[in-house]
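Biologist: I'd love a close look at one serine and its surroundings, followed by a tour of the wider fold. Please take your time and connect the pieces as you go.

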Amino acid sequence: MGLVVAHLLLASVMFFSFASAEMSSKVGVCYGQLGNNLPSPQESVKLMIKSLKATRVKIYDANPKILKALKNTDIQVSIMVPNEIINNISLSSQSLSDQWVRTNVLPYLPGTKIRYLLVGNEILSIPDKSIWPNLVPAMRKIRKSLKTLGARKIKVGTPSAMDVLQSSFPPSNGTFRSDISESVMRPMLHFLNRTKSFFFVDAYTFFPWSSDPKNIHLDYALLESTNITYTDPVTKLTYTNLFDQMLDAVVFAMKRLGYPDIRIFIAETGWPNGGDYDQIGANIYNAATYNRNIVKKLTAKPAIGTPARPGWVLPSFIFALYNENQKPGPGTERHFGLLYPNGSHVYEIDLSGNAPEKEYEPLPKPTNNEPYKGKIWCVAAKVANTTALSSALSYACSQGNKTCDPIQPGKPCSKPDSLVWKANYAFSSYWSQFRKLGGTCYFNGLAAQSIKDPSHGSCKFPSVTL
């Protein structure tokens, strides 16, 4: 009888493990909300299920409307503690963490399947270093609150960008940055290991490729390569794509600190479907190719893993659900969506991995996989607010060397005497001076790049050439 029971227990454990692994191989989506034209949470959840076949969703807060809309669905949910309250949670008594969990987690259980609670977003990449030492203590307190309040199955983690690594090439040389390795990463890895959680990482091949397209082949970044490989000189592991290289650099960095077995969770990955003129490779063709290939890789059965971890399941979220028109920064930031705000597909994709690719419509051919050859200007956006535009003009003119001299009274560009004309000149002049130093043509959404020369008569506008 004891032997039969033992076999039954073993069978149930094996079934549970298999079921968990099978579920973990599904691909989810990141639901950002930085847009003023996005569908309601109820409609968004329908789109996730019906249009994308998503089984997981990550949100960047604990939005009550979204959590209620996810009730009684089979979607696993990841919520987030905002960056702004991490210091308070870490430095205050346990009661503050308890209250956050009581308010933002417990009311939605068990109807909404909250499975992951992320503390902050890319904390170790933000300039405010005062939060860094408080990150892991805040994670511990949130974890304690979940255990005490009966939600112990929720995994606690924090998403890290790839810049937490000081070295990532070759992958075997993966090393965490010296300013966080001992002070933050070691205690974090100890916590993740002890609680059987995941190392959540944001891994985008687009960024290393677009910053060095001469030395990184596009197909290698898109997981499209059939004959391009890289062999790590130390491990002799052979890589067929950049994504695996990046993940294994994290694996070796964790191993270097004594934690070789912590599971990786892809908190974000994706490719932009559009961008500014100075951003190469941001197009629908590449975005569809990358995300389809990622889904194919991550949903494969049996699991593929990476060269350093063959067969390991990589749970994941693709960024993002929508193109979000209010995200700050370069144009690509507003073009990572799988869907347009009207709910239609930017390109066809099935996150379950079940749709045959031959059923997809042909993709538009890319036109910007190489740098734009002509001149580019930075001008006022068509719907710029007058008061805000005036402030942005003043800012641009206060920067650099004689940025706005030509638009002063009596100078070649002083006419016509209009705010938009002056802003066009100031933005172009500022951007031409500061682009190589990290300056952008954005100005809080008041500016946009243009390939139409705004110069007039003897007034020649500064421009950027890639």
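In which helix is Ser-390 found?

Modeller: Happy to. This is a predicted model, where local features need pLDDT of at least 70, side-chain atom pairs count only at pLDDT 80 or more, and totals for chains, interfaces and linings use all residues. Residues are numbered from 1 along each chain as its sequence is written, and side-chain values use heavy atoms, with hydrogens and water left out.

Ser-390 sits in helix H12, which covers residues 386–398. The helix and strand labels are DSSP runs numbered from the N terminus (helices are H or I with at least four residues, strands are E with at least two). With a relative accessibility of 32%, Ser-390 is classed as partly exposed. On this scale buried means under 20% relative accessible area, exposed means over 50%, and partly exposed is what lies in between, using a 1.4 Å probe and protein chains only. A second serine gives some sense of scale: Ser-211 is 179 residues away from Ser-390 along the chain, and their C-alpha atoms are 33 Å apart.

Ser-429 makes a nice comparison. It belongs to helix H13 and has a relative accessible area of 5%, so Ser-429 is buried. Leaving aside residues up to four places away in sequence, Ser-429 touches Thr-403 and Pro-462; here a contact means heavy atoms within 4.5 Å.

Helix H13 (residues 419–434) also leads us to a sheet, since it lies across E16, E17 and E18 and runs at about 135° to E16. Angles run from 0 to 180 degrees between N-to-C directions, and axes are lines fitted to C-alpha atoms, for helices over the stretch in contact. That open sheet has three strands in the order E17-E16-E18, with antiparallel pairing. Its edges are E17 (447–450) and E18 (464–465), each with pairing on one side only. Two strands count as paired if DSSP finds at least two bridges between them. E16 (residues 375–380) is joined to E17 by four bridges, and one facing pair is Cys-378 with Gln-449 of E17.

Now for the other sheet. Nine strands line up as E5-E4-E3-E2-E1-E15-E12-E9-E6 in an open, parallel arrangement. The edge positions go to E5 (155–157) and E6 (159–161), which each pair on one side only. On average, neighbouring strands of this sheet are turned by 25° against each other, direction ignored.

Helix H5 (residues 94–104) packs on this sheet and touches E3 (76–81) and E4 (113–119), with its direction at about 140° to that of E3. Helix H6 (residues 132–148) packs there as well, touching E3, E4 and E5, and its direction makes about 155° with that of E4.

These two helices also meet each other. The axes of H5 and H6 are 9 Å apart, and the packing angle is about 60°. H5 and H6 are therefore oblique to each other. Under 35 degrees counts as roughly parallel, over 145 as roughly antiparallel, 65 to 115 as roughly perpendicular, and the rest as oblique. From H5, the contact involves Gln-94, Ser-97, Asp-98, Trp-100 and Val-101, and from H6, Lys-141, Ile-142, Lys-144, Ser-145 and Leu-146.

H6 has another partner in helix H7 (residues 181–194): their axes come within 9 Å and cross at roughly 15°. This makes H6 roughly parallel to H7. Among the residues that meet here are Trp-132, Leu-135 and Met-139 of H6 and Val-184, Met-188 and Phe-191 of H7.

Back among the strands, E1 (residues 27–31) pairs with E15 (residues 316–319) in the parallel sense over four bridges, with Val-27 opposite Ser-316 of E15. E1 is also joined to E2 by three bridges, again parallel, and there Cys-30 has Lys-58 of E2 as its bridge partner. In E2 (residues 56–59), Arg-56 and Lys-58 point one way while Val-57 and Ile-59 point the other, and all are buried.

E4 is mostly covered, with five of its seven residues buried. E3 and E4 are paired in the parallel sense over six bridges, where Gln-76 is partnered by Lys-113 in E4. Three bridges connect E4 to E5, which run parallel, and Tyr-116 stands opposite Lys-155 in E5.
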